[in-house]
Amino acid sequence: MAGVAIKEAGAGRSLSLEQVENGSLSTSPSYWDSDDDGGPKPSDLFGMYTWKIYKFSQINKRELRSNAFEVGGYKWYILIYPHGCDVCNHLSLFLCVANHDKLLPGWSHFAQFTISVVNKDPKKSRYSDTLHHFWKKEHDWGWKKFMELSKVQDGFIDADVLIIKAQVQVIRGRLDRPFRCLDCQYRRELITVYLKNVEQICRCFVEERRTKLGKLLEDKAKWSSFCAFWLGMDQSDRRRMSREKSKSILKVVVKQFFIEKEVTSTLVLDTLYSGLKALEGQNKGKKSSSKYLEAEELPIPIVGIENDTFILADDVLLLLEWVATERLPPRDEKDPQNRTKDGIVGEEFNKYSIERDERRLTECGRQTIEIFVLSRIFSNIEAAYQEDVVLKKQEELIREEEACLGETERKSRRGVDKKKK
């Protein structure tokens, strides 16, 4: 038998590769593995698997399959091409849905997974992460060029044994609001790789929306006209237009940020979930349910949440001026020092560094949600403003046309009077 599979963990709370090997537990609080929708927790849909392939140098088959293992209610297996799949001089690795042809018609699910080839020196182990939508026609996914064959002999084979590890997170998300996607330990490991990417996605979105909002202020005539329109509205209409049901907005948030095959999508949704929780806690007049935004660090609110409704925290004119002129806080240039994209493992995170990263992500999520809500509410107000501008132009044209008709009639009457004389 060329290979043997050993299941390390299935459903339930699981540890990251480094934590299993080092025997250390995460200091992340249980909050990061919770959701409030009553559905299965991410930890229930996460599992890890180790496959030891013995006598690797003697394998002459084109492909090998691991034994099947179950994660998130589905059975999976790892597929390896020792000499490459449609490529030369590379090791090819894939994660596959087992018995996909026997599943019910219309089956599909998202899964984020990491596959690694273990090196005797943990710092040199190779990792690759991806997010994929598995379904009938795409029931396997992975890397044709996972690593060069010439490097496999560089510490990856020990006593002619190759060890492959997989971490699989099945994602059963909600379409109506940001949701917790990842098992807290798996999430912690991914943050060490993609923290800056997630921050950049959020910052780019915020900057783009702020720039768009700021353009209105740059046009002095239009801004003056908009202010006159808003201040001329009845107060009850202003209150009505300064709020919107959270469900309608959060649906659009999920659609915007959960991008198929984008590996950071799950972390971005986790970040937005944390930011939303921070907003909810902030509006209850107490510390955020995430302890990572301390009371003295709470920013000036832009929106509030009340009875499942987003409400602007102040007059829209003041908020637009503040958002357009306020500078974003500088980027935190301190990088996580654990696993990197190349499989580098550094010193273990202490509690302070973990909480620092969580504060950064929570603040990114909160700011992104607030700017998204402000932009959405402003777009509705702007649509009403544009409609009012068009209506006033139509009324002005009607008045001009009536004035012209009146002048024509007067001239006609004067002509008739002259003829009578």
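1. A quick word on terms before the comments: helices and strands here are DSSP runs, at least four residues of H or I for a helix and at least two of E for a strand, numbered from the N terminus. Keep in mind throughout that this is a predicted model.

2. On that count, the protein chain carries 9 helices and 14 strands. Of its 421 residues, 50% are buried. The accessible surface adds up to about 21,800 Å², and carbon and sulfur atoms account for 50% of that area.

3. Contacts reach a long way along the sequence. Taking pairs in the protein chain that sit at least 6 residues apart, 73% of the contacts link residues at least 24 apart.

4. The interior is worth a look. The largest nonpolar core contains 60 residues, and the ones with the most contacts inside it are Trp223, Phe226, Val253, Phe310, Leu320, Ile369 and Ile381. The top contributor to this core is helix α3, spanning residues 184-218, which supplies 12 residues. There is also a second core, separate from that one, with 34 residues, among them Tyr49, Ile53, Ile115 and Trp143.

5. If you want one residue to centre your view on, try Phe226. Setting aside neighbours within four places in sequence, Phe226 touches Leu216, Leu317, Leu320, Phe378, Ile381, Glu382 and Tyr385. Leu320 and Ile381 turn up in that set, and both are also listed with Phe226 among the residues with the most contacts inside the largest core.

6. I went looking for disulfides, and the count over the whole structure is 0. As for individual cysteines, Cys96 has a relative accessibility of 1%, so it counts as buried. Cys184 comes out at 3% and therefore counts as buried too.

7. Two backbone spots caught my eye, starting with Ala159. This residue is not a glycine, yet its phi is positive, at about 60°. Ala159 falls in the loop that runs between β10 (157-158) and β11 (161-171). With a relative accessible area of 70%, Ala159 is exposed.

8. The other spot is Asn307, again a residue other than glycine with a positive phi, this time near 50°. Asn307 belongs to the loop between β13 (303-305) and β14 (309-312). The relative accessible area of Asn307 is 63%, so this residue is exposed, the cut-off being over 50%. I'd put Ala159 and Asn307 side by side when going over the positive phi values.

Definitions and conventions. Residues numbered from 1 in each chain as written. Predicted model: local features only at pLDDT ≥ 70, side-chain atom pairs only at ≥ 80, totals over all residues. Heavy atoms only, no water. Disulfide = S-S within 2.5 Å. Buried < 20%, exposed > 50% of the residue type's maximum accessible area, 1.4 Å probe, protein only. Contact = heavy atoms within 4.5 Å. Areas by Shrake-Rupley, 256 points an atom, 1.4 Å probe, with all protein chains shown as cover. Core = buried A, V, L, I, M, F, W, Y, C linked by side-chain atoms within 4.5 Å.
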